[in-house]
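Student: I am new to this structure and would like a close look at one helix, followed by a walk outward from there to the rest of the model. Could you take me through it slowly?

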Amino acid sequence: MQYQSQAVAKPYFIAAIGLFVGQILFGLIMGLQYVMGDFLFPEIPFNVARMVHTNLLIVWLLFGFMGAAYYMIPEESESELFSPKLALLTFWVFLVAGALTIVGYLMVPYATLAKLTFNDLWPTMGREFLEQPLVTKVGIVLVALSMLFNLTMTVLKGRKTSISIVLLMGLWGLAVFFLFSFYNPSNLVLDKYFWWWTVHLWVEGVWELILGSLLAFVLIKVTGVDREIIEKWLYMIIAMVLITGIIGMGHHYYWIGTPEYWQWFGSVFSALEPIPFFMMTVFAFNMVNRRRREHPNKAATLWALGTGVMAFLGAGVWGFLHTLAPVNFYTHGTQITAAHGHMAFYGAYAMVVMTIISYAMPMMRGRAANSEKAQILEMWSFWLMTIAMVFITLFLTAAGILQVWLQRVSTTPLGFMAAQDQTVLFYWLREISGVIFLIGLVLYIISFFVKGETKEAA
Amino acid sequence: MSQAFTKSMARNIFFGGSTFFFLLLVALTFDTMQVLPKRDHRENITPAVERGKMVWEQNNCIGCHTLLGEGAYYAPELGNVYARRGGGEFIKAWIKSRPAEGTPGNRRQMPQFNLTDQELDDMVAFLKWTGEINTAKWPPNIEG
């Protein structure tokens with residue numbers, strides 16, 4: 001660690017991992033509710049568990065992105081952070097607001113929470129992923145603005161690298177497109193249309209800028225390849241992200257009341273969305289093969305390579321699988337979507353956050369890399385979580401294909417629940433894979449506490 | 001990538017490409033907004049439909065169900081439930097009759113939301129209007 005203020009990233013990373021554990025536990029609850037419908041009912045109904053599962057995911061990834069930014073920007077700018085105190089204050093505000101929101105979800109019925117937070121005055125709640133009460137949404141905006149002010153000021157007074165500019169653009173975009181979550185017209189079609197301006201333009205747009213810059217930063221550090229080459233790749237990758245991904249939003253506009261021409265725009269452009277992910281894979285492997293140093297942190301390198309591969313598989317391949325309109329006509333809103341969502345979020349975003357944590361945490365603890373013993377355990381956790389996620393995805397895909405066939409393709413279509421009853425086996429297998437994932441996550445956490453011989457950070 | 005292709009060229013492709021396609025998105029959105037009234041039949045959005053959407057949102061229905069294919073995949077699609085169940089009476093009776101402590105056996109559970117008669121009527125109005133949106137013939141059949 002070259003600058004003292006980079007250390008503010010540490011609480012962000014710790015909170016991210018803690019919330020990640022919560023996310024997985026609620027995922028296991030939901031997985032069990034798929035096969036044992038009355039599990040934890042009426043204490044934690046499925047809709048509550050799902051809201052906690054997805055909201056924790058979003059919040060822990062945001063913690064990860066913020067921690068990454070606070071770690072990277074001073075080093076890239078060659079300057080201390082504008083205000084480490086503000087960054088720490090922002091951390092506590094975000095953690096308390098996030099925790100209170102989750103407690104609210106779990107303690108009172110959602111309708112009561114809506115009433116308590118005056119949702120009637122400005123209704124924004126009850127839409128997928130944007131379930132947070134208005135006050136939490138406002139809090140997210142304030143936290144984001146505080147972070148953006150802090151980081152932008154740091155970049156302005158220091159060196160301006162492409163990596164920090166791309167990261168800042170990603171984070172500014174994140175804040176700007178979140179503003180669409182405050183727009184909730186009573187016309188459902190308009191509501192859905194602009195809901196995607198937050199959701200799609202986040203995960204298939206500006207978040208990929210953040211992903212690219214994190215990956216580029218770690219690759220520079222662990223491979224020692226010339227910055228010019230890495231940043232050229234970065235710009236090409238994010239160029240392809242936005243060239244394909246902005247109009248690729250059309251793949252969400254097939255069946256929600258929007259005009260049919262979106263089937264053409266959406267199919268053509270979103271079919272190209274795997275390209276930037278494929279470039280990321282080639283990029284990561286290329287840079288590692290051309291490395292000019294042997295960095296002692298093998299685990300971070302593994303996470304970086306894994307991010308490339310799994311993002312391509314999960315976001316690229318599994319996205320392409322159901323993105324063409326004639327296919328999506330049958331698969332829209334089935335377990336196929338769930339399969340894609342799981343591997344894409346894990347492969348692209350969860351893994352890139354673990355990449356930067358793997359690189360930065362040892363640095364913040366005063367060493368270039370963890371001991372070999374700790375790294376071996378971390379690499380075990382990498383393989384367990386990653387392979388478990390591959391199987392979760394495969395089983396959900398199998399369930400989805402069966403569901404589509406029984407309910408939508410067959411000449412004697414079954415009703416929803418009748419079709420679900422035929423897919424129970426795959427839901428059990430998914431749940432078992434989920435348990436393996438949890439074991440991987442536990443090993444991941446233990447790896448932080450494994451001692452052993454380490455070298456001082458340069 | 002070869003030496004002739006420089007970082008600043010890559011950066012220009014990024015800025016030029018993303019600006020162009022964002023402007024195209026804005027243009028397509030503008031056009032969509034012109035066409036939508038004919039497809040969403042907004043003239044039929046009564047105060048009851050508006051209130052029904054609020055009931056839908058404030059009980060987090062999307063946490064289990066899909067609506068026009070978006071949401072959770074734990075419970076049936078409801079965009080066409082009005083047609084599937086032949087009107088609103090079944091929908092109201094179903095919501096009202098969920099036992100607070102759950103139905104016996106291993107079945108997936110729907111909570112008892114304690115909706116008033118007014119809220120139930122509003123919900124039905126919302127689902128009826130939703131069912132009349134032109135969704136390009138989706139879903140493939142009545143089962144959703």
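**A helix and its surroundings**

Tutor: In helix α3 of chain A, the residues Ala87(A), Thr90(A), Phe91(A), Phe94(A), Gly98(A), Thr101(A), Ile102(A) and Tyr105(A) are buried. Please keep in mind throughout that this is a predicted model. The helix itself runs over residues 84–107 of chain A, which makes 24 residues, and from its first C-alpha to its last it reaches 34 Å, close to the 34 Å expected at 1.5 Å a residue. As for what lies over its buried residues, the cover includes α1, α2, α4 (110–116) and α5 (134–157) of chain A.

Two of these covering helices lead on to the division of the chain, since chain A is split into domain 1, residues 1–160, and domain 2, residues 213–458. The centres of domain 1 of chain A and domain 2 of chain A, taken over C-alpha atoms, are separated by 20 Å. Where the two domains meet, 22 residues of domain 1 of chain A are in contact with 23 residues of domain 2 of chain A. On the side of domain 1 of chain A that touches domain 2 of chain A, the elements that give two or more residues are α1 (9–35) and α2 (46–77) of chain A, and the largest share of that side, 13 residues, comes from α1(A). Sorted by class, this side of domain 1 of chain A, the one that touches domain 2 of chain A, has 17 nonpolar, four polar and one charged residues.

The loop between α1 and α2 of chain A also deserves a pause, as Pro42(A) is found there. A cis peptide bond joins Phe41(A) and Pro42(A), with omega at about 5°. For background, most peptide bonds are trans, and most residues other than glycine have a negative phi.

Stepping back to chain A as a whole, we find 16 helices and zero strands. Its C-alpha atoms fill a box of roughly 65 × 45 × 45 Å, taken along the principal axes. With 458 residues, a compact globule would have a radius of gyration near 23 Å, and because chain A has 22 Å, its value agrees with that expectation. Buried residues make up 58% of the 458 residues in chain A, and among the contacts in chain A between residues at least 6 apart in sequence, 81% join residues at least 24 apart.

Chain A does not stand alone in the model, for 59 residues of chain B are in contact with 59 residues of chain A. The elements that give two or more residues to the side of chain B that touches chain A are α1 (7–40), α2 (47–58) and β2 (70–71) of chain B, and α1(B) gives the most to that side, with 17 residues. By class, the side of chain B that touches chain A has 27 nonpolar, 18 polar and 14 charged residues. For the complex, the predictor gives an ipTM of 0.97 and a pTM of 0.97, while chain B has a mean pLDDT of 96, with 99% of its residues at 70 or more.

Chain B has a domain assignment too, with domain 1 covering residues 1–40 and domain 2 covering residues 42–144. The C-alpha centres of domain 1 of chain B and domain 2 of chain B lie 37 Å apart.

Some backbone details of chain B complete the tour. The peptide bond from Trp138(B) to Pro139(B) is cis, with omega near -5°, and Pro139(B) has its place in the segment after α5 (117–131) of chain B. Asn60(B), found in the loop between α2 and β1 (66–67) of chain B, has a phi near 50°, a positive value in a residue other than glycine. Asn60(B) counts as buried because it has 29 C-beta neighbours inside 10 Å, where 20 or more are needed. Asn114(B), for its part, is found in the loop between α4 (88–96) and α5 of chain B, and its phi is near 55°, again a positive value in a residue other than glycine. Asn114(B) has 13 C-beta neighbours inside 10 Å, and therefore counts as partly exposed.

How values were computed: Residues are numbered from 1 along each chain as its sequence is written. Chains are lettered from A and ligands numbered from 1 in the order in which they are written. This is a predicted model: local features need pLDDT of at least 70, side-chain atom pairs count only at pLDDT 80 or more; totals for chains, interfaces and linings use all residues. Two residues are in contact if their C-beta atoms, placed from the backbone, lie within 7 Å. Helices (H or I, at least four residues) and strands (E, at least two) are DSSP runs, numbered from the N terminus. Ala, Val, Leu, Ile, Met, Phe, Trp, Tyr, Cys and Pro count as nonpolar, Asp, Glu, Lys and Arg as charged, and the others, Gly among them, as polar. The radius of gyration is taken over C-alpha atoms; the globule rule is 2.2 Å times the number of residues to the power 0.38. A residue is buried if 20 or more other C-beta atoms lie within 10 Å of its own, exposed if 12 or fewer, and partly exposed in between; C-beta atoms are placed from the backbone. Domain bounds come from an automatic or database domain assignment. pLDDT is the predictor's confidence in each residue, from 0 to 100. The expected span of a helix is 1.5 Å times one less than its number of residues.
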